[in-house]
Amino acid sequence: MKCATCRKPLGTSDRRVKYCSEFCKANKPAPKRKLRAVGADERPVDPEAMVPDPDQDPHTEPRTLTVDDAAREGTDLEFLMAIRDRLADAVADETCPPRELAALTRRLEENRKQINAEKARLREEGEDDEHADDERWDADAV
Ligand SMILES: [Zn+2]
């Protein structure tokens, strides 16, 4: 065991002893993130997924993809979301003709229901493998 602050050997195997002196105890280093257990809802973060979306389920973290990328390599949810973004853009376009706008809006409503259904399905799946995450400890924490 070494002092948590200055790394000086403590000369004891008592795990409760973490510091060589009161000074080091008072000046302990800021806790490192990796020294604690990984939470069930923590996943490696894909920078492309860092788009704030209050509807987003933290367990699935769908990426924001273009429609063609999503069609090629996205999950069902990512594909639906890419379609949604594309439809929303078209609906928001002021030059969109009214007749097309009505059709697009219906497609968008349909798409929204599909997204909600897919999210609900993924949430159920996520609840099943939450157990595995509970046992995922960083080796350094032990
Ligand atoms: Zn020390």
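Arg 7 counts as exposed because only 11 C-beta neighbours lie inside 10 Å of it; a residue is called exposed with 12 or fewer other C-beta atoms within 10 Å of its own, buried with 20 or more, and partly exposed in between, the C-beta atoms being placed from the backbone. The model is a predicted one, in which local features need pLDDT of at least 70 and side-chain atom pairs count only at pLDDT 80 or more, while totals for chains, interfaces and linings use all residues. Residues are numbered from 1 along each chain as its sequence is written. Arg 7 lies in the segment before α1 (22-26), and has a positive phi of about 65° although it is not a glycine. Most residues other than glycine have a negative phi.

Looking at the whole protein, the secondary structure comes to five helices and zero strands (DSSP runs numbered from the N terminus: H or I of at least four residues for helices, E of at least two for strands). Buried residues account for 9% of the 142 residues.

Helix α3 (residues 76-92) is a good place to look next. Its 17 residues reach 24 Å from first C-alpha to last, close to the 24 Å expected, that is, 1.5 Å times one less than the number of residues. Its buried residues include Glu 78 and Leu 87. The largest nonpolar core (buried Ala, Val, Leu, Ile, Met, Phe, Trp, Tyr and Cys residues joined through C-beta atoms within 7 Å) has seven residues, among them Leu 65, Ala 70 and Met 81. Helix α3 gives the most to this core, with five residues.
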